[in-house]
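Here's a quick walk through one protein model and the ligand that comes with it. Have the viewer open and follow along.

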Amino acid sequence: MKLTFPKDFIWGAASASYQVEGAAFEDGRGESIWDRYCQTPGNIEAGDSGAAACDQYHRYKDDVALMKKMGLHAYRCSIGWPRIQPDGAGAVNQKGLDYYSRLVDELLGAGITPFITLYHWDLPQALQDRGGWCNPDTAKYFGAYAGIVFDKLGDRVKHWMTLNEPYCAAIVSNHVGRHAPGIRDFATALRVSYFLYVGHGLALKCFREGNYGGDIGIALNLMNRMPYNPQSEADKAAAVRADGILNRWFLDPLLRGTYPADMVEWYRRKGITLPPFETDELRLMSQKLDFIGLNYYNDAWAVHNPADWPEEAELRNPPHTPASVRDWALTETGFEKMLIRLKAKYGVQKILITENGTATHDLVSVEGRVEDSQRVDYLKRHLAALHRALAAGVNVFGYMQWSFTDNFEWAFGYDSRFGLVYIDYVTQKRILKQSGEWYAQVIANNGFDISDDYLASIGALKSSVGALKFSKGGA
Ligand code: FCB
């Protein structure tokens with residue numbers, strides 16, 4: 001069967017500044033928390049860092065030419081705050097601004113629409129030294145930084161995202177400690193989640209008041225959490241809490257102006273100091289957005305485990321679950337389910353897929369080819385799921401595959417390859433993978449063929465999620 005997408009559907013690919021740019025110490029860029037975090041042995045696999053990454057800072061023209069060849073309509077990338085304000089506040093580094101201006105011009109010249117994220121985790125270290133996102137000043141500085149970027153690029157850039165994955169920037173960075181700045185304190189993580197949203201609200205306010213034109217959203221990583229044992233009441237409750245911290249803690253303040261009461265109560269009972277929840281700040285964070293960006297990778301199952309503090313929800317895949325090399329389960333029906341939930345439960349009227357993709361062990365063959373058929377398969381499954389959500393009436397206007405190129409995959413360094421384009425990190429040579437060729441065809445045809453047997457095999461879920469009722473209003 002051929003799956004065709006709506007006319008004007010935007011096909012793109014995504015990246016982030018610290019993961020691709022390299023040139024970490026050039027043209028006046030300040031230190032970011034990731035530069036610092038990578039210095040500590042043990043933090044990053046193989047002791048890697050993003051100091052050189054894909055060198056896109058110098059090779060952006062070649063990269064844009066490759067995007068054009070693939071037919072990409074859009075490129076989602078982020079701005080490195082330390083390039084714009086090396087100290088996070090005050091003095092502006094003109095060379096940093098000029099780089100992004102050149103990149104934007106190159107994209108527009110190639111007919112590719114830039115979608116820009118203001119914060120994809122590379123906080124200036126100088127601000128971390130003053131408490132990072134725990135300090136309300138960081139939110140204010142973020143609002144000011146956003147204004148500087150809007151002033152410089154707002155005449156040409158019409159699609160913005162404030163934050164990327166605030167869950168990771170708050171919880172993985174400050175509770176799990178597996179991302180910069182590597183803190184392990186849950187109250188800190190909650191406070192960070194709150195002031196990230198205050199910063200988001202200030203950037204949004206600045207965008208609206210500045211009348212820059214265009215649309216603005218946020219990119220959230222949302223994935224389903226199911227009970228490992230559906231018969232166990234304890235696992236069911238654990239799944240609700242796991243959903244609470246990953247999904248509802250980040251959706252509710254944006255779309256309802258409140259934090260989920262069950263989670264607030266749970267954390268209070270655990271004796272955790274909660275963020276201030278000030279009325280005016282809640283109002284700021286729940287201003288209307290033009291779209292919600294969804295980063296979707298995989299679902300997971302929750303087991304009640306009191307040792308897994310504070311949610312007591314340990315995540316696992318059931319035995320023999322098909323999964324990627326990162327052990328991320330293949331759960332494409334969950335993608336459809338999450339899209340329907342955003343519309344049915346939160347009334348979201350416009351969604352952009354800001355990330356979706358998988359890691360594979362890619363090798364260059366003697367013919368110089370990269371045959372990443374598992375990535376092609378992952379994309380087929382997820383695009384078919386997206387197509388079902390569209391058919392169910394969810395308004396998704398574009399899809400940004402993660403990632404355009406292989407890149408610096410945070411704590412996993414360079415071994416975790418997510419790209420449509422292979423990077424040889426010794427020579428910086430780019431090779432379009434099999435998946436990149438396949439994706440180019442999807443774009444050219446605005447759709448692709450998929451097996452009827454596969455579609456029939458997932459029909460059961462379609463009818464169950466289709467039964468959810470849609471509500472009106474929301475973002
Ligand atoms: C997301 C991040 C992105 C990339 C992918 C694989 O959590 O937003 O930068 O690392 O995962």
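What follows covers the ligand, its pocket, and a few spots with backbone geometry to look at.

## What kind of model this is

Keep in mind that this is a predicted model. Everything below is computed from its atoms, side chains being handled through their heavy atoms.

## Around the ligand

Start with the neighbours. The shell around the ligand takes in Q19, H120, W121, N164, E165 and N295, along with Y297, E355, W402, E409, W410 and F418. Sorted by class, that shell comes out as five nonpolar, four polar and three charged residues.

Several of these side chains come up to oxygen atoms of the ligand. E165 has a polar side-chain atom 2.5 Å from a ligand oxygen, and for Q19 the corresponding distance is 2.7 Å. W410 joins in as well, with an N or O atom of its side chain 2.9 Å from an oxygen of the ligand. How much of the ligand's own accessible area does the protein cover? On its own the ligand has 290 Å² of accessible area, and the protein covers 95% of that.

## The pocket it sits in

Zoom out a little and you'll find that the space taken by the ligand is the largest pocket. This pocket holds about 1,200 Å³ of space. Its lining runs to 41 residues, with Y167, V172, R225, L315 and W328 lying nearest the centre.

Which elements give two or more residues to that lining? They are helix 8 (166-176), helix 10 (233-255) and strand 10 (313-316). Helix 8 gives the most, with six residues. As for chemistry, the lining splits into 21 nonpolar, eight polar and twelve charged residues.

## Backbone oddities

Most peptide bonds are trans, and most residues other than glycine have a negative phi. Here are some exceptions to check in the viewer.

Go to W402 first, one of the residues around the ligand. The peptide bond from W402 to S403 is cis, with omega near 20 degrees. S403 itself is in the loop between strand 12 (396-402) and strand 13 (421-424). Another cis peptide bond links A180 and P181, where omega is about 10 degrees. P181 belongs to the loop between helix 8 and helix 9 (186-209), and helix 8 is also the top contributor to the pocket lining.

Finally, look at D8. Although D8 is not a glycine, its phi is positive, at about 70 degrees. You'll find D8 in the loop between strand 1 (2-4) and strand 2 (10-14).

Key
Residues are numbered from 1 along each chain as its sequence is written. This is a predicted model: local features need pLDDT of at least 70, side-chain atom pairs count only at pLDDT 80 or more; totals for chains, interfaces and linings use all residues. A residue is near a molecule or strand if one of its heavy atoms lies within 4 Å of it. A polar contact is a pair of N or O atoms within 3.5 Å; within protein, one must be able to donate a hydrogen and the other to accept it, and residues adjacent in sequence count only if both atoms are side-chain atoms. Accessible areas come from the Shrake-Rupley method with a 1.4 Å probe; for residues, only the protein chains shown count as cover. On a 1 Å grid over the protein atoms alone, a cavity is a set of points where a 1.4 Å probe fits but cannot get out, and a pocket is an open set with protein on both sides within 12 Å along at least five of seven lines; lining residues have an atom within 4 Å of a point. A molecule sits in a cavity or pocket if more than half of its atoms lie within 2 Å of its grid points. Ala, Val, Leu, Ile, Met, Phe, Trp, Tyr, Cys and Pro count as nonpolar, Asp, Glu, Lys and Arg as charged, and the others, Gly among them, as polar. Grid points are joined across faces, edges and corners, and a volume is the space filled by probe spheres set on the points. Helices (H or I, at least four residues) and strands (E, at least two) are DSSP runs, numbered from the N terminus.
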